[in-house]
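Colleague: I should like a close look at one part of this model, namely the largest cavity and what surrounds it. Please set it in the context of the whole chain and say where the coordinates deserve caution.

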Amino acid sequence: MGEAEGGTTLEYTPTWVVAGVCTVIVAISLALERVLHFAGVTLKRKNQKPLFEALQKVKEELMLLGFISLLLTVFQNVINKICVPADVTRHMLPCKREGHEFEESTTCGENKVPLLSTEALHHLHIFIFVLAIVHVTFCVLTVVFGGLRIRQWKRWEDEFAKKNYDTQQVLKSKTVTDVHQHAFIKDHFLGIGKNSVILGWLHSFVKQFYGSVTKSDYATLRLGFIMTHCRTNPKFNFHKYMIRALEDDFKKVVGISWYLWIFVVIFLLLNVNGWHTYFWIAFLPFVLLLAVGTKLEHVITQLAHEVAEKHVAIEGDLVVKPSDEHFWLGRPRIVLFLIHFILFQNSFEIAFFFWIWVQYGFDSCIMGQVRYIVPRLVIGVFIQVLCSSSTLPLYAIVTQMGTSFKKAIFDEHVQVGLVGWAQKAKKKKGLKAAGNGSGQDSSHEATSRGIQLGSAFRKASTPEEIQPAAGSENSK
């Protein structure tokens with residue numbers, strides 16, 4: 001009487017059981033909410049706005065998961081009542097069905113079965129939750145370990161900051177033509193790739209596995225950025241700027257975007273018995289990661305070639321001029337999207353493996369054969385390690401070599417001040433338009449520069465990049 005198809009209803013369940021389960025669930029939920037709240041307060045106190053925004057994105061992801069869970073629960077009975085012919089469920093199965101018998105259903109008629117059983121719906125619910133949690137975790141681990149690698153460069157930054165030299169003196173120094181003895185040129189130009197494009201790409205491919213960014217690389221790229229964007233401040237903290245820029249990009253990597261959910265649906269669709277789909281798609285992020293790392297290394301090699309051909313050096317330091325001619329330097333969002341996709345697909349592989357292991361067991365037919373499982377796990381670990389230790393640090397420094405720079409070059413209060421100044425200057429422009437004389441010219445020039453900076457910051461809110469002002473170009 002008190003029994004339903006799924007078991008005993010709440011009408012005949014002891015109240016202490018219901019209260020106890022509710023207490024545990026509410027306690028866990030409140031504890032997680034407090035942890036996230038405390039983390040947000042800490043990040044705001046430390047003025048870590050990019051990381052705070054990334055945390056907000058994690059909260060949005062958890063809210064989305066909660067909404068998906070609610071929908072699956074509310075429409076569970078509705079989905080169970082949708083009946084389809086039994087013949088259409090015999091195709092594209094993850095496991096080979098023995099025979100052609102189907103479990104009888106009390107809700108569907110003869111030769112018909114439910115579209116999705118209650119148990120299958122529950123398992124799908126768990127998989128979506130596991131996927132999101134694993135993806136967010138892997139993204140955090142990648143940025144944390146990659147950030148630790150980048151922070152190791154701080155000792156190089158401190159070493160360069162200790163050099164006491166005058167800006168004008170540096171610019172007036174004698175130009176050195178024998179640059180081929182410089183470590184940066186030796187590592188990227190002489191002997192390897194000088195006369196062979198293939199050897200140059202091969203060297204870039206291999207170099208990402210060891211010492212992807214050396215001290216000479218860092219020193220040269222740092223000087224090139226400063227001479228292009230901060231010529232009047234040779235002691236500009238390039239390392240701090242990179243960290244802020246990386247934290248600003250992190251919020252774009254965390255979470256599963258709508259287009260990634262489309263890939264989830266495609267991957268689930270292709271999980272057909274005998275296809276070994278997940279084994280083959282494991283090579284896609286692997287190949288993409290190697291291609292991205294090779295390209296980023298090759299950009300450094302191309303910069304070395306340009307310097308070696310021009311024979312330009314100042315006080316023994318090479319001057320690398322950033323240029324958007326090298327693909328991706330002016331489009332760092334492409335690299336960021338690829339890294340995001342690589343991390344997501346790797347997370348999908350790992351999440352699917354653990355979900356099947358826990359839900360159905362290691363010997364389940366949906367798990368696949370061992371000879372297909374082991375390579376997938378090895379590739380997954382390799383991707384995680386290489387992306388953290390090499391690809392992400394390369395992205396952090398190489399994508400700064402374009403002609404644009406990110407608004408992270410300014411502290412937050414400076415950004416707000418410049419935007420306010422630009423808005424005020426724009427208002428005064430109309431009031432002083434009727435003026436004349438030299439005062440008008442000077443105010444008009446200041447107003448134009450203010451508006452230019454304000455426009456740049458408004459543009460930066462979308463691509464997170466700022467084009468150098470015309471004034472800075474003239475000063476060069």
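Modeller: A definition comes first: pLDDT is the predictor's confidence in each residue, on a scale from 0 to 100. The term is needed because this is a predicted model. Across the protein the mean pLDDT is 75, and 71% of the residues reach 70 or more. By element, confidence is highest in α15, at 90, and lowest in helix α18 (residues 470-475), at a mean of 40.

The setting of the cavity can be described briefly. The protein has 18 helices and six strands. Of its 476 residues, 41% count as buried. Its accessible surface comes to about 26,600 Å², and carbon and sulfur atoms account for 63% of that area. Among contacts between residues at least 6 apart in sequence, 81% join residues at least 24 apart.

Now to the part you asked about. The structure holds three cavities of 30 Å³ or more, and the largest cavity encloses about 70 Å³ of space. Which residues line the largest cavity? The lining consists of T142, V143, L246, D249, F250, V253, L336, I339, L343, L392 and Y395. Four helices each supply at least two residues of this lining: α4 (118-151), α10 (238-253), α14 (332-360) and α15 (370-398). Of the helices, α10 gives the most, with four residues. From the residue ranges, L246, D249, F250 and V253 fall within α10, while T142 and V143 fall within α4. L336, I339 and L343 lie in the range of α14, and L392 and Y395 in that of α15. In character, the lining divides into nine nonpolar residues, one polar and one charged. The charged residue is D249 and the polar one is T142, because Asp counts as charged and Thr is on neither the nonpolar nor the charged list. Tyr is counted as nonpolar, so Y395 belongs to that group. One of the contributing helices, α15, is also the element in which confidence is highest, at 90.

Elsewhere in the chain, helix α1 (residues 15-45) offers a local packing detail, with A39 and L36 both in this helix. L36 has a relative accessibility of 15% and therefore counts as buried, the limit being under 20%. Leaving aside neighbours within four places in sequence, L36 is in contact with L55, K59 and L62. The C-alpha atoms of L36 and K59 are 8.1 Å apart, with their positions 23 residues apart in sequence. A39 is partly exposed, with a relative accessible area of 27%. The C-alpha atoms of A39 and L55, which are 16 residues apart along the chain, are separated by 8.1 Å.

Two backbone positions also merit inspection. Most residues other than glycine have a negative phi. M92, which is not a glycine, has a positive phi of about 55 degrees. M92 sits in the loop between β3 (83-85) and β4 (112-114), and with a relative accessible area of 47% this residue is partly exposed. H276 likewise has a positive phi, near 55 degrees, in a residue other than glycine. Its place is the loop between α11 (258-269) and α12 (277-281), and at 28% relative accessibility H276 counts as partly exposed.

As to caution, two segments should be marked. Over residues 1-5 pLDDT stays under 50, and the model has eight contacts beyond four places in sequence for them. Over residues 412-419 pLDDT also stays under 50, with nine such contacts in the model. Where pLDDT is low, the predicted coordinates should not be read in detail. Helix α18, at a mean of 40, is where confidence is lowest.

Notes: Residues are numbered from 1 along each chain as its sequence is written. This is a predicted model: local features need pLDDT of at least 70, side-chain atom pairs count only at pLDDT 80 or more; totals for chains, interfaces and linings use all residues. Side-chain values use heavy atoms; hydrogens and water are left out. Buried means under 20% relative accessible area, exposed over 50%, partly exposed in between (1.4 Å probe, protein chains only). Contact means heavy atoms within 4.5 Å. Accessible areas come from the Shrake-Rupley method with a 1.4 Å probe; for residues, only the protein chains shown count as cover. On a 1 Å grid over the protein atoms alone, a cavity is a set of points where a 1.4 Å probe fits but cannot get out, and a pocket is an open set with protein on both sides within 12 Å along at least five of seven lines; lining residues have an atom within 4 Å of a point. Grid points are joined across faces, edges and corners, and a volume is the space filled by probe spheres set on the points.
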